[in-house]
Amino acid sequence: MDYALERIGVLMEPDPDDPREAWGVLNPASARGADGELYLFPRLVAEGNYSRIGRARVMFGEDAPLSVERLGIALEPEEEWEEKGVEDPRITLVERLGLYLMTYTAFGPNGPRVAIAGSADLEHWERYGLVEYSGNLGSYDNKDAAFFPEPVAAPDGRRAYALLHRPANEERPGIWISFADAEEVERDPRRIVRVDDHRRVAAPQEPWEDLKIGAGPPPVRRDEGWLLLHHGVSGRLEPGMDRQPAVRYCAGAMVLGSEKVWEVVARTTEPLLEPETGQEREGIVPNVVFPTALDDRGDGTADVFYGMADSRIGAARLSRST
């Protein structure tokens, strides 16, 4: 695959005077507002690993994102099923629905689960609830969810809204896809939490993704199909530890089929980005680059925002390498 990621620099670091950010700012979502501004939705981690989702405006210098203006909190734990934290959002503008859809990890008494919220303006968010899976897939921990920006064809031919996610139903977790019936969702957007026809899209394949992989930002359409950045994890898991010190997170990419979105057309064999700088190697969890947001620039390039060592947020420019 002929894509490359080039670092721009650190975009956001914790505010030392804000206890809500004591353990880091990381793993943001992003979206363009109706005003044309780019908004960032970082995960803010307080002491004890208690997370909220913030809201900020991205400030640009010349042709690149340089810093942020903090605008407050977009989402914080309110429901029992997210009482331990709301984490790692991804945001997709679905123009057909007139909504921004936020997927996020709701950390509750049963562990991490995927939840969905909707907004018409990126400021006011309505919780739709936890994702409801047909069958027994909902009994597993789940993270790294993101929607496609438009309806696609499900395997049975229905028009559907497709959700990528990463259930912990395998020894080496991979990327899965599920579908919400488009007609039902267009009658009532809250029904987008009900998904079925689950299937695995991709499993760990290369040494740098040996332990698990997960979806990054929502996929974007390219001539060859749907471009999806993903993270791959290698190293060693320590039993019983919440923050794993002996793992390494890298970023790669794959292209999913234009028509059969559950099929992988192409995939990077080497990382596009791996932890190399001090900000990526040293932090709450060392050796992590974790892409979660993408701003498509409309010229074949995109700005990508990623977590650095679970402590700060970096920006990189995605482009063709040839």
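# Exercises on a predicted model

Strand 8 (residues 111–119) is largely enclosed by the rest of the structure, because nine of its nine residues are buried. The model is a predicted one. The exercises below start from this strand and then move to other parts of the chain.

## Exercise 1. The surroundings of strand 8

Task: find which strands pair with strand 8 and describe the sheet that holds them.

Solution.

Step 1. Start on the side of strand 7 (residues 99–108). Strand 7 and strand 8 run antiparallel and are joined by nine bridges. One of the facing pairs is phenylalanine 107 with proline 112 of strand 8. The connection between strand 7 and strand 8 is a hairpin through two residues.

Step 2. Turn to strand 9 (126–130). Four bridges pair strand 8 with strand 9, again in the antiparallel sense. Here glycine 118 is opposite glutamate 126 of strand 9. The hairpin of strand 8 and strand 9 has six residues between the strands, and leucine 122 in this hairpin has a positive phi near 65 degrees.

Step 3. Add strand 6 (85–94). Eight bridges connect strand 6 with strand 7, and the two run antiparallel. Isoleucine 91 faces methionine 102 in strand 7.

Step 4. Put the strands in order. The result is an open, antiparallel sheet of four strands, 6-7-8-9. Strand 6 and strand 9 are the edge strands; each has a single partner, so one side of each is without a neighbour in the sheet. From one strand to the next, the twist averages 25 degrees.

## Exercise 2. A second open sheet

Task: state the order of the strands in the sheet that contains strand 4 and strand 5, and name the strands at its edges.

Solution.

Step 1. The order is 2-3-4-5, in an open sheet of four strands with antiparallel pairing.

Step 2. The edges are strand 2 (25–32) and strand 5 (64–75); each has a single partner strand, so one side of each lacks a neighbour in the sheet. Neighbouring strands in this sheet are turned by 30 degrees against each other on average, direction ignored.

Step 3. Look at one pairing in detail. Strand 4 (residues 50–61) and strand 5 run antiparallel with nine bridges between them. Within this part, alanine 56 is opposite arginine 70 of strand 5.

## Exercise 3. An aromatic pair

Task: decide how the rings of phenylalanine 148 and tryptophan 226 are arranged, and where the two residues lie.

Solution.

Step 1. A pair of aromatic rings is described by the distance of the centres and the angle of the planes. There are four aromatic pairs in the structure.

Step 2. For phenylalanine 148 and tryptophan 226 the ring centres are 5.2 Å apart and the planes stand at 85 degrees, so the pair is edge-to-face. The cut-off for edge-to-face is an angle over 60 degrees.

Step 3. Place the two residues. Phenylalanine 148 is in the loop between strand 11 (142–147) and strand 12 (152–153), while tryptophan 226 is in strand 18 (residues 225–235); the pair therefore ties together parts 78 residues apart in sequence.

Step 4. Check the burial of each. Phenylalanine 148 has a relative accessible area of 0% and is buried. Tryptophan 226 is also buried, at 0%.

Step 5. Consider strand 11. Five of the six residues of strand 11 are buried. Strand 11 is joined to strand 13 (residues 159–167) by four bridges, and the two run antiparallel. Asparagine 142 has proline 167 of strand 13 as its bridge partner.

## Exercise 4. The second largest pocket

Task: describe the space and the lining of the second largest pocket.

Solution.

Step 1. The second largest pocket holds about 510 Å³ of space. Its lining has 23 residues, and those closest to the centre are Leu93, Pro149, Val220, Leu294 and Asp296.

Step 2. Sort the lining by strand. Strand 2, strand 6, strand 17 (220–222) and strand 21 (289–296) each provide at least two residues. Strand 21 gives the most, five residues.

Step 3. Sort the lining by kind. There are 13 nonpolar, three polar and seven charged residues.

## Exercise 5. Glycine 298

Task: is glycine 298 buried or exposed?

Solution.

Step 1. Glycine 298 lies in the loop that runs between strand 21 and strand 22 (302–308).

Step 2. The relative accessible area of glycine 298 is 71%, so this residue is exposed. The cut-off for exposed is over 50%.

Step 3. From glycine 298 to glutamate 123 the C-alpha to C-alpha distance is 25 Å, with their positions 175 residues apart in sequence.

Technical notes. Residues are numbered from 1 along each chain as its sequence is written. This is a predicted model: local features need pLDDT of at least 70, side-chain atom pairs count only at pLDDT 80 or more; totals for chains, interfaces and linings use all residues. Side-chain values use heavy atoms; hydrogens and water are left out. Two strands pair if DSSP finds at least two bridges between them. Axes are lines fitted to C-alpha atoms, for helices over the stretch in contact, and angles run from 0 to 180 degrees between N-to-C directions. On a 1 Å grid over the protein atoms alone, a cavity is a set of points where a 1.4 Å probe fits but cannot get out, and a pocket is an open set with protein on both sides within 12 Å along at least five of seven lines; lining residues have an atom within 4 Å of a point. Grid points are joined across faces, edges and corners, and a volume is the space filled by probe spheres set on the points. Ala, Val, Leu, Ile, Met, Phe, Trp, Tyr, Cys and Pro count as nonpolar, Asp, Glu, Lys and Arg as charged, and the others, Gly among them, as polar. Rings of Phe, Tyr and Trp (its six-membered ring) pair if their centres lie within 6.5 Å; planes under 30 degrees apart count as stacked, over 60 as edge-to-face and the rest as tilted. Buried means under 20% relative accessible area, exposed over 50%, partly exposed in between (1.4 Å probe, protein chains only).
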